[in-house]
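Hello,

Here is the structure I promised to pass on to you. Please have a look at it before reading my notes underneath.

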Amino acid sequence: MLNIDVTDMTVRQREHLLLWSVVPRPIAMVSTVSPSGAVNLAPFSYYTAVGYAPMALLFCAGRRADGTEKDSCRNARVPAEGGTGEFTVNVLIEKQAEAATTTARPLPHGESEYELAGLRPLPGQRVRSPRIDGSPIAFECRTSAVTPVGDHFVVIGEVVHVTADDGLIDETDFHVDLDQLGSVGRMGAADYVRTLDRYVVDG
């Protein structure tokens, strides 16, 4: 049995252990807008639902190599903290996975990853941050809190509007057709997983 004392690990070793153990991780393509109107798009695999009363999501953003905040976090901050207080989470599907990797490249503040990745932004319904054309589900959020955790920031947002493909969601019970959704998850580094191979556990 391998016993690991986390205090003896380097930061890089901790990162690797988490990235390859906490799997599969859903991927949020987070779209934000700066106060000046510049659109930003970035993938985050530290992402999950928070709750449903209110309906809320979170994503975790690290820092740039120079120690400054990433644009997604900076833009999502409430206006009193220099942001717009809004963000949109787009569910990632397989045909957009390569584009997601492209959007992870560092760009100067204010340059749009949509253009770099060949993705088309569509206007939000309740927030200024756009959604991705072709993403099956987009959650428009208003920022509730940005909490620092070491070198990362946990960004929590209340969902105020959802846009979904026709036929994807049952409008009676709001179950999602997982086959039609076709989302992908991240395993580690460049390893991804499809969600179409599933099984049911009785109990």
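Below is what I found, starting with the sheet and moving on to the cores and the salt bridges. Please keep in mind that this is a predicted model.

**The sheet**

Seven strands make up an open, antiparallel sheet, and their order is β3-β2-β6-β9-β10-β5-β4. At its edges are β3 (39–44) and β4, each of which pairs on one side only. On average, neighbouring strands are turned by 30° against each other, direction ignored.

A good place to begin is β5 (residues 55–61), where six of the seven residues are buried. On one side β5 pairs with β4 (residues 47–52) through five antiparallel bridges, and Ala 49 has Leu 57 of β5 as its bridge partner. Two residues separate β4 and β5, which form a hairpin. β5 also pairs with β10 (residues 152–164), again antiparallel, over six bridges; here Leu 58 is partnered by Ile 156 of β10.

Elsewhere in the sheet, β6 (residues 86–91) and β9 (residues 137–149) run antiparallel and are joined by five bridges. Val 89 stands opposite Phe 139 of β9.

**The cores**

Which residues touch the most other members of the largest nonpolar core? They are Val 30, Leu 57, Phe 59, Phe 87, Val 89, Phe 139 and Val 155, out of 22 residues in that core. At least two core residues come from each of β2 (28–33), β3, β5, α2 (71–76), β6, β9 and β10. β9 gives the largest share, with four residues. Another core, of 11 residues, lies apart from this one and includes Met 29, Ala 100, Tyr 114 and Val 184.

**The salt bridges**

The whole structure holds nine salt bridges. One of them links Glu 69 and Arg 77, whose closest N and O atoms are 3.0 Å apart. Both partners are buried: Glu 69 has a relative accessible area of 18%, and Arg 77 has 13%.

Arg 120 and Asp 133 form another, at 2.8 Å from N to O. Arg 120 sits in the loop between α4 (113–117) and β7 (121–122) and Asp 133 in the loop between β8 (131–132) and β9, so this pair ties together parts 13 residues apart in sequence.

Arg 198 and Asp 179 also meet in a salt bridge, at 3.0 Å from N to O. Because Arg 198 lies in the segment after β12 (191–194) and Asp 179 in helix α5 (residues 178–181), the parts they tie together are 19 residues apart in sequence. Finally, Glu 69, Arg 77 and Glu 81 are joined into one network by salt bridges that share partners.

Best wishes

Notes. Residues numbered from 1 in each chain as written. Predicted model: local features only at pLDDT ≥ 70, side-chain atom pairs only at ≥ 80, totals over all residues. Heavy atoms only, no water. Buried < 20%, exposed > 50% of the residue type's maximum accessible area, 1.4 Å probe, protein only. Pairing = 2+ DSSP bridges. Axes fitted to C-alpha atoms, helices over the stretch in contact; angles between N-to-C directions. Core = buried A, V, L, I, M, F, W, Y, C linked by side-chain atoms within 4.5 Å. Salt bridge = Lys/Arg side-chain N within 4 Å of Asp/Glu carboxyl O.
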